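Please open the model in a viewer and keep the selection panel at hand. The stops below are arranged so that each selection leads to the next.

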Amino acid sequence: MNINDSEKMGGILVKKGYIPTDKEEEADIFIINTCSVREKAKEKLFSYLGRLKKFKQKKGVKIIVAGCVSQLEKDNIKKRAPYVDILIGTNSYFKLKDVMDKRDYSDFQFYRDWKEIDSQPVRRQNFSAYITIMEGCDSFCTYCVVPFSRGRERSRPMSYILKEVEKLEKEGYKEIQLLGQNVDAYVDPETGGRLDKLLEKIAVNSKIPWVRFLTSHPAKFSIDIVKIMKDYRSILRAIHIPFQAGGDKVLKLMNRGYTRGEYLKLMDSIKKIIPDIALSTDIIVGFPGETNKDFEKTVEILKYVEYENIFSFKYSPRPGTKAFNYDDNIPDKEKTERLIMIQELQKNIQLKNNRKKIGKIFKILTEVKNRRDESQLVGRIESGRIVNVKGADKIGEFYDVLIEGVGPHNLKGKVVNKKGG
Ligand code: SAH
Ligand code: SF4
C-alpha cells in the first residue's frame, strides 16, 4: 500500500512538471514515504533524515515526510528534524498538488472523497498495477498501529474500481493487484457487493490476464472467493491470509477474532476446493506472554499448512496500541531464536515443494532484469514464486518456462514458449 501511495504522489508531481531522479545529489526535493508498523521502520526515517541534513545545509533542498510515521509522530519529527518542510499524513498525499511551494506545512486529514484520488494520475510501472479497493482497518489487533495510522475502514465504490481496471486494460496492463488492509471488509458503498462480487465483475468484464488481491483476514474471509478463483482463471490462485500466532491464548491476547481450530478448518476448506492453491502468511514471534509451548503451536501450523511463502517478524511494541501496555517479556535473543527457527523450517518446506516443480512448465510474468546476470530476467509464477529465467527478452511479458533448478526462495528455468499459454 505504501508503494502504491508513493506511485500516487509520483503521479501528482510528474503532472506538475517535476522530474524523478535516482541520484540524491541531483534532487531538489525529497519525499520520504514512511511505515510505522514496526519500530525499526520508524528509526530508518530518522537516520535518513540525518543524512539529508547535509543536502539541506548545502543546497536548501525541500524535505517532505509522508505516510504513517508522519501521521503518528508529527511532534517527534518536528523536534528531531526541525528542517523538514512538509508533513503529510496517510490520507492527504493528494494535497501535494497544491502545497509544493510551501514551507512549514502539515496536513493529517483522515477522510476524503474517493473522487479526490481518482482525479489524480498514478506513476506506475507499465505492466503490473496496484489498485486500492479499501483503506483503513477496524480490527484493532492489540499489537497493530494500522487502525491509528490509517483510520477506519472505507471501501472505494466498485464502479470507480471497475473504471480504473478498464483504463488499465486499455493501456495494456498484464496484472492488477487489488489492495486493502483487510480486503474481506470490502463493501461497495453503492451496491453492498463484497470482494467476491468485485472479483467476479473484473473476471467477467475485463481481459486483464492476472488479478491478485491482498490482504485477507481469517475471521472475515468468505469461501465464495475461492469458488470465484475456481470458476475464473484470471483470478490467481494465491491467498495471503496471515495467522500471526498458532495458539489460542496468544490469538486471544492479540484480539485476532478466530481460534487455531477455526483457522485450520478454513485452510482445509480452501484446499478442498483448490488443492494446489498457494497460501502465504504473516507471523509474529515473541508476543507478550508467548511461552515455548505457545510458540510450538505456531510451528505446528507451518508444518501442517506448508505455505508457499511466509513473512515473519519479531514482536515490536507500538505506542498507542493495547499491547503496548502488556509486559514485553520475551527477551530479544529469544525472539531472534524463534524467528530463525521458523525461517529455517519454512526454508526446508519451500525447498521440498519447489523441487516438485522441476521438469514442469509454468507461465511467468517477467518483472525485472536479474541483477547478478543481466542476460536473464526475473519473473513470477501464479503462486508468486520468483523465477530466474533464460531466453526471455522483454519485461512485462508472459512466457512459458521449463523449471530446471530450484532453491528455497526461487526457481530457475528457460523459456519454451514466448507467449505464455
Ligand atoms: N492487515 C494485514 C497486515 C497489516 S501489517 C493483516 O491483518 O494481516 C503487516 C504485518 O506486520 C502483520 O500481518 C503482522 O504480522 C506484522 N505486524 C504488525 N504489527 C506488528 C508489530 N507490532 N510487531 C511485529 N509485527 C507486526
Ligand atoms: Fe493491523 Fe489487525 Fe488491521 Fe491487520 S487486521 S491491519 S494486523 S489491526
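**A guided tour by selection**

Begin by selecting K363 and F398: K363 lies over the face of F398, at 4.5 Å from the ring centre. Please bear in mind throughout that this is a predicted model.

**The domains**

Next, colour the protein by its domain assignment, which gives domain 1 (2–107), domain 2 (128–355) and domain 3 (361–418). The centres of domain 1 and domain 3, taken over C-alpha atoms, are separated by 35 Å.

**The surroundings of ligand 1**

Now select ligand 1 and display the residues around it. There are 15 residues surrounding ligand 1, and the closest are Y143, Q181, Q244, D282 and S316. Three polar approaches to the ligand may be inspected in turn:

- On R38, a polar side-chain atom lies 3.0 Å from an oxygen atom of ligand 1.
- At Y143, a polar backbone atom is 3.0 Å from a nitrogen atom of the ligand.
- At S316, a polar backbone atom is 2.7 Å from a nitrogen atom of the ligand.

Keep R38 selected and add F313. R38 lies over the face of F313, at 3.7 Å from the ring centre. Then return to Y143, which forms one aromatic cluster with F287, Y315 and Y326.

**H240 and its partner D282**

From D282, one of the residues closest to ligand 1, move to H240. The side chains of D282 and H240 are joined by a polar contact of 2.9 Å. H240 is located in strand β10 (residues 238–240). Is H240 buried or exposed? H240 counts as buried because its relative accessibility is 9%, and the limit for that class is under 20% relative accessible area. To see what encloses the side chain, display L214, T215, S216, S280, T281, D282 and F311, which H240 touches when residues up to four places away in sequence are not counted.

**Aromatic pairs around Y263**

Now show the aromatic rings; the structure holds 10 aromatic pairs. One of them is formed by F243 and Y263, a tilted pair at 5.5 Å centre to centre with 50° between the planes. This pair links distant parts of the chain, with F243 in the loop between β10 and α11 (248–254) and Y263 in helix α12 (residues 260–273), 20 residues apart. F243 and Y263 are both buried.

Add Y258 to the selection. Y258 and Y263 form a tilted pair as well, with 5.9 Å centre to centre and 35° between the planes. Y258 counts as buried at 7% relative accessibility, and Y263 is buried with a relative accessible area of 1%.

**L264 in helix α12**

Which residues does L264 contact, leaving aside its neighbours within four places in sequence? Select L264, which is found in helix α12, and display I301, Y304 and V305, the residues with which L264 is in contact. L264 and I301 are 37 residues apart along the chain, and their C-alpha atoms are separated by 7.9 Å. L264 is buried, with a relative accessible area of 16%.

**Last stop: K352**

Finally, select K352 in helix α14 (residues 332–355). K352 is partly exposed, because its relative accessible area is 40%. A distance drawn from K352 to D268, C-alpha to C-alpha, spans 21 Å in space, with the two positions 84 residues apart in sequence numbering.

Conventions:
Residues are numbered from 1 along each chain as its sequence is written. Chains are lettered from A and ligands numbered from 1 in the order in which they are written. This is a predicted model: local features need pLDDT of at least 70, side-chain atom pairs count only at pLDDT 80 or more; totals for chains, interfaces and linings use all residues. Side-chain values use heavy atoms; hydrogens and water are left out. Domain bounds come from an automatic or database domain assignment. Helices (H or I, at least four residues) and strands (E, at least two) are DSSP runs, numbered from the N terminus. Buried means under 20% relative accessible area, exposed over 50%, partly exposed in between (1.4 Å probe, protein chains only). A polar contact is a pair of N or O atoms within 3.5 Å; within protein, one must be able to donate a hydrogen and the other to accept it, and residues adjacent in sequence count only if both atoms are side-chain atoms. Contact means heavy atoms within 4.5 Å. Rings of Phe, Tyr and Trp (its six-membered ring) pair if their centres lie within 6.5 Å; planes under 30 degrees apart count as stacked, over 60 as edge-to-face and the rest as tilted. A charge sits over a ring if NZ of Lys or CZ of Arg is within 6 Å of the ring centre and within 35 degrees of the ring normal. A residue is near a molecule or strand if one of its heavy atoms lies within 4 Å of it.
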